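Here is a walk through one protein model, from its ligand shell to its core and overall form. Keep the 3D view open while reading.

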Amino acid sequence: MKKISSQLKKFQYFYPYTVALVGARSEAQTNFMSCAWHTALSFEPPLFGVLVSKKRFTHQLISKAREFTVNFLAFQTVKLAAQMGRRSAYDMDKLKEFQVKLAPSTVIQSPVIEEAYVSFECKLAEIRAFGDHDLFAGEVLAVHEREKCFNAEGVLNVRKISPLLYLGNDFYITINPDALQHVVPD
Ligand SMILES: Cc1cc2nc3c(=O)[nH]c(=O)nc-3n(C[C@H](O)[C@H](O)[C@H](O)COP(=O)(O)O)c2cc1C
């Protein structure tokens, strides 16, 4: 028997999702927040979307900067994800407080996160409202990838990187690399 709900109190049945730090620099302000709701939108042109609640400081910042970076974290940096996702720039300078190391972007002004195994530099293409979150769609202008993290086809090397997955409600997990299968239909 399956339980069927129609008046949803929680809405996170689709997790786990990988965790990225998403943020931007506008004038003197730089900030990042943890983001699980993100998605590729198009190959050509390469478009990537992040869903950010209107309540977030980062929402204002990306709207002003008209650009953002998306920085994927490995499981070892789980604490940083929790810190950047449970504290707000409305209350503190998170970058200083949590000693986040930044690196310069090559095309845009907003920096990438040094700890990330892969980062995207995105130019804002469009903002669309969906309920209480806005979709920021960005054109990916550059990708920074840590050495040997992806094979020639762009597949993540799970022996080298354990991606950080979020289950909701402050629970995190990673994948078991021994479960890897390469499955090609007959
Ligand atoms: C793992 C994790 C993932 C999150 N994903 C999102 C998300 O996809 N979109 C969103 O608006 N908030 C998300 N949040 C909440 C924000 O990261 C959080 O409210 C943060 O404090 C906002 O920071 P800011 O106010 O400095 O922008 C997430 C939080 C955590 C812990």
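How many nonpolar, polar and charged residues does the shell around the ligand have? By class, that shell has 13 nonpolar, seven polar and three charged residues. Here Ala, Val, Leu, Ile, Met, Phe, Trp, Tyr, Cys and Pro count as nonpolar, Asp, Glu, Lys and Arg as charged, and the others, Gly among them, as polar.

The model is predicted: local features need pLDDT of at least 70, side-chain atom pairs count only at pLDDT 80 or more, and totals for chains, interfaces and linings use all residues. Numbering runs from 1 along each chain as its sequence is written.

The ligand is surrounded by 23 residues (C-beta atom, placed from the backbone, within 6 Å of it). The closest are Trp37, Phe57, Thr58, Gly85 and Ser88. S3, S5, H1 and H2 each give two or more residues to this shell.

Now the fold. The protein has three helices and twelve strands; these are DSSP runs, helices being H or I of at least four residues and strands E of at least two, numbered from the N terminus.

Next, the core. The largest nonpolar core holds 34 residues. Such a core is a set of buried Ala, Val, Leu, Ile, Met, Phe, Trp, Tyr and Cys residues joined through C-beta atoms within 7 Å. Buried means that 20 or more other C-beta atoms, placed from the backbone, lie within 10 Å of the residue's own. Ala20, Leu21, Val22, Phe68, Val70, Leu73 and Ala116 touch the most other members. S2 (20–26) gives the most to this core, with four residues.

Definitions and conventions: A residue is buried if 20 or more other C-beta atoms lie within 10 Å of its own, exposed if 12 or fewer, and partly exposed in between; C-beta atoms are placed from the backbone.
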